[in-house]
Number of protein chains: 4
Amino acid sequence: MKILFFAGSLRKDSYNKKFVREAQRAASAIKGIETDFLDLKDFPMPPYDGDIEDGPGIPEATKKLGARIMAADALVIATPEYNGSIPGTLKNVIDWLSREDTVSLENKPLLLLAASPGALGGVRVLWQARVPFEVIGTHVFPGMMGLPGAAAAFDDQGHLKDEKTAKRLNDLINQFVEYHRT
Amino acid sequence: MKILFFAGSLRKDSYNKKFVREAQRAASAIKGIETDFLDLKDFPMPPYDGDIEDGPGIPEATKKLGARIMAADALVIATPEYNGSIPGTLKNVIDWLSREDTVSLENKPLLLLAASPGALGGVRVLWQARVPFEVIGTHVFPGMMGLPGAAAAFDDQGHLKDEKTAKRLNDLINQFVEYHRT
Amino acid sequence: MKILFFAGSLRKDSYNKKFVREAQRAASAIKGIETDFLDLKDFPMPPYDGDIEDGPGIPEATKKLGARIMAADALVIATPEYNGSIPGTLKNVIDWLSREDTVSLENKPLLLLAASPGALGGVRVLWQARVPFEVIGTHVFPGMMGLPGAAAAFDDQGHLKDEKTAKRLNDLINQFVEYHRT
Amino acid sequence: MKILFFAGSLRKDSYNKKFVREAQRAASAIKGIETDFLDLKDFPMPPYDGDIEDGPGIPEATKKLGARIMAADALVIATPEYNGSIPGTLKNVIDWLSREDTVSLENKPLLLLAASPGALGGVRVLWQARVPFEVIGTHVFPGMMGLPGAAAAFDDQGHLKDEKTAKRLNDLINQFVEYHRT
C-alpha cells in the first residue's frame, strides 16, 4: 500500500508541511507501507479559468500531480485554515484535478490533517475541506486531526515536541492504514 | 447607497457574469442606488503563498480590488459552484483580501447569487461560500438565489428569458436594498 | 452482509419511508445481502435532556435501536430536509445513540438518501447530515442521492415511477454494497 | 430594543444557561436595552412528527415560544454542541417554530453563543447552527463566541471567572446591539 503525503500550502516554512512530514514518518514505520511526498510549490497552477482550459488546456502541473495521485493507493493531506475554510490555493488544485478525464481523486481514501497557529487547530477547515473531496467521490476518513499552536509545536528537526500529540498522530495514521488495508 | 457587483469566475462567457449583470440592472432601477461592476479577470492574483506575501508583498490587484470594495456600501457576488463548493479562484481572492491591514470585506453587507448549468442551481456553493465571508465579518444576507439550467437561461442580450425568474431576482435585490438602507 | 434501512421521519406516509423501502428492495435483489427495516415511530425518545440521562437514564427505545444497528453491517438512512438541514427528530436519535457506552454508529458504513417535495431533492440536508455521523466515526459513503418532487414520485405500490430514477438508486445501492463487501 | 435570551439545552445545570445569563447581564447594562429570558424546559415539545401536526396540531408550547420571540426585537441563543453539530433538542424547536403561519424567527437578528466543556468551545456547532436559522431568514450576526472549558469557567454565582473572557462577551454583545440599533 502506497500513501502520498502533501500539504495544502505553498509557504516554504509551512507548519502543514512539517505536520504532514511527521505523518509520513509515522506511516513509514508501518510494515508494508510505502510513502511518497510532494510539495505543491513544484506544481504551479494558475487560478482556474475556463478560458485557459478551452485554450491552452489543463496545465502540465495538474497532469503531473494527477499522475502522482493516481500512482498512490491513499492520500494524507495537511491543510492550513484560511478564513475558517479551505485555502483558495488548495481548492484551486482540486478544481483543476477535477477537470481531467480520469479524476485521480475519485474513490481514493484520504486522511485530512490541519495545523494552525491558533487555539482551534484548524477544526473548521477540516470540516469544510471534506465537502469538495466527497463531492468528487474521495473517501475521506471520518477521523481527522487538528494541531493547535503549530508555531511552537515542532523542534528544530521538525518533530512534534509533545509526546501525546505525536502518539495521537501515530494512532490515527495506524487506524487509517488498518481500515483501508483490510 | 453604492453597490458593487462581480462574479466569482474568470471565464469570458461566464453564466455568473451574466447573472450578476442582471442583478445590477435590477438594482440600477431602484431610486437612490448607484452601481459599480468589475471583472475579476482584470485583477489577476497568483494562488496565495506566504512567501509572496513576505517577499514582494500583497499583489497590486488585491489592493485595487480592496479599494473598489471599500468604496462600495454593499456587494452582490454571483459565484459558480465547483465540486459542490466555492471556486478556488474566488476563495483565493478572499484569502488575499483578508491579508490587508484594513479588510475591505469586514462589516460589508453581501448578497450571494449562484448560476449553474445543473438542476440544483449552485445551492451547495451558496451555503459553503457564506462561511469564509462570515468569518471575516461580512454580513451575508440570509436570502440567496441559485439559478439552475444557466446554459439556457439567458437570451442574446444577456437577459433572463423566464419572467418568474427575473421577478424573483428583482424581488430579492429589492429586499436586500431595503434591509440595508434603513 | 446485513443492511438496516430506516427513514429520518416519523410521519406515517413519509416520502422517505417510501424511498428507503425502494432502496431496501434494490438491496434485497443483490446476492448475499440480507436486509432489515425499522420505523423510528416504534422507537419513541424524548428530546435529549441531560437530567433524563442522569435520572431515569438512556431510554429503552435508544437501547433497542442501538442493538438493531449493532446487529447490522451497514446502514441506509433516508432523511427529510427541514429548514435546509437535519430534522431535529433524527438528530435527537443520533444524540441519544451517542450516549451509549458502545456507540453503535461508530465505524458503521452508512449510505445517505433524501426525498423532498421540492426541486432540490434535499441536497442541503445530505451535506449537513454527514457531519454528526462522521464526528461519531460513521463511514458515510461519498455517493448520496436526493429525490426531488417526492410527492409525485411514487405509484400506489410505493414504487418509483421514473425508470431512470429507479436505476440511479439501484446503481448507487450496488456501488455501496460493492465497496463495503470487498 | 428588547432582546430575548435562551439556551439550546434543557439540563438544569447547563453551562449554556449560565453563559447566556452572563450575556443577558452584559446586555442589561446597556442603556435602552430591555431583556427577557426563558428556559426551553418550560416549553416541552415532542419530536416533530407530521402526523401530530395534521392531528392535534402545533403544540401549545411552540405557540407560546413563538409569541415570546415575536415580542422581542432580537435574540441571543447559547447552544451546546452534540456530536459536532446542533442538538436535536434545539433543532426540533426550530422545526416546530418554522411550521407556524407567521414564522417568528424570520428577519429576527440573532447572536449565537456556545459553551462546551472541551477545548474547541463549540466552534463546530456555531457554524452548523447558522444554517437552519439563515434558511428561515433569521439574520445571524457574523460575530459569534465559543466558550471552551465551560465546566470550570463559572464561579458559584454563575459569573465568568476569567476577566478577558467576560470582556470579550461584553464587547460582542455591545457590537451586536450597536449594529442592530442603528
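A residue is called buried if 20 or more other C-beta atoms lie within 10 Å of its own, exposed if 12 or fewer do, and partly exposed in between. By that rule, Ile173(D), Phe176(D) and Val177(D) in helix α6 of chain D are buried. The model described here is predicted. The points below go from the fold of one chain to a helix, then to the ways the chains meet, and end with three single residues.

**Fold of chain A**

- Chain A has six helices and six strands.
- Their order along the sequence is β-α-β-α-α-β-α-β-α-β-β-α.
- The radius of gyration of chain A is 16 Å, and the globule rule gives 16 Å for 182 residues, so chain A is as compact as a globular protein of that length.
- Measured out along the principal axes, a box of roughly 50 × 35 × 25 Å holds the C-alpha atoms of chain A.
- Of the 182 residues in chain A, 52% are buried.
- Taking the contacts in chain A between residues at least 6 apart in sequence, 76% link residues at least 24 apart.

**Helix α6 of chain D**

- Helix α6 of chain D covers residues 163–181, which is 19 residues.
- At 1.5 Å a residue this helix should span 27 Å, and its end C-alpha atoms are 27 Å apart, so the expected and actual values agree.
- The buried residues in α6(D) are Ile173(D), Phe176(D) and Val177(D).
- These residues cover an arc of only 95° around the axis, which means that they are on the same side of α6(D).
- Glu163(D), Lys164(D), Lys167(D) and Glu178(D) are exposed on the other side of α6(D).
- The cover over the buried residues of α6(D) includes α1 (15–28) and β4 (109–115) of chain D.

**Chains A and B**

- A turn of 180° with a shift of 0.0 Å along the axis lays chain B on chain A with an RMSD of 0.0 Å.
- The two copies are therefore related as by a two-fold rotation axis.
- In chain B, Gly88(B) has the C-alpha nearest the axis, 2.1 Å from it.
- Both copies use the same surface, since 100% of the contact residues of chain B recur in chain A.
- The contact between them takes 26 residues from chain B and 26 residues from chain A.
- On the side of chain B that touches chain A, the elements giving two or more residues are α2 (50–54), α4 (88–97) and α5 of chain B.
- The most comes from α4(B), which gives six residues to that side.
- Sorted by class, the side of chain B that touches chain A has 11 nonpolar, nine polar and six charged residues.

**Chains A and D**

- Chain D is also laid on chain A by a turn of 180° and a shift of 0.0 Å along the axis, with an RMSD of 0.0 Å.
- The residue of chain D that comes closest to the rotation axis is Leu120(D), with its C-alpha at 2.8 Å.
- Of the interface residues of chain D, 100% are also interface residues in chain A, so the copies meet through the same surface.
- This contact takes four residues from chain D and four residues from chain A.
- The side of chain D that touches chain A has three nonpolar, no polar and one charged residues.

**Arg124(B)**

- Arg124(B) belongs to helix α5 of chain B, residues 123–136.
- Arg124(B) has 25 C-beta neighbours inside 10 Å, so it counts as buried.
- Apart from neighbours within four places in sequence, Arg124(B) is in contact with Glu81(B), Gly84(B), Ser85(B), Val123(C) and Trp127(C).
- Lys41(B) is 83 residues from Arg124(B) along the chain, and their C-alpha atoms are separated by 24 Å.

**Two asparagines with positive phi**

- Asn83(A) is not a glycine, yet it has a positive phi of about 55°.
- Asn83(A) sits in the loop between β3 (74–79) and α4 (88–97) of chain A.
- Asn83(A) is buried because 23 other C-beta atoms lie within 10 Å.
- Asn107(B) is not a glycine either, and its phi is positive at about 65°.
- The loop between α4 and β4 (109–115) of chain B holds Asn107(B).
- Asn107(B) has 14 C-beta neighbours inside 10 Å, so it counts as partly exposed.

Key. Residues are numbered from 1 along each chain as its sequence is written. Chains are lettered from A and ligands numbered from 1 in the order in which they are written. This is a predicted model: local features need pLDDT of at least 70, side-chain atom pairs count only at pLDDT 80 or more; totals for chains, interfaces and linings use all residues. Helices (H or I, at least four residues) and strands (E, at least two) are DSSP runs, numbered from the N terminus. The radius of gyration is taken over C-alpha atoms; the globule rule is 2.2 Å times the number of residues to the power 0.38. Two residues are in contact if their C-beta atoms, placed from the backbone, lie within 7 Å. The expected span of a helix is 1.5 Å times one less than its number of residues. The arc is that of the directions from the helix axis to the C-beta atoms. Ala, Val, Leu, Ile, Met, Phe, Trp, Tyr, Cys and Pro count as nonpolar, Asp, Glu, Lys and Arg as charged, and the others, Gly among them, as polar. Copies are superposed by least squares on the C-alpha atoms of residues with pLDDT of at least 70 in both.
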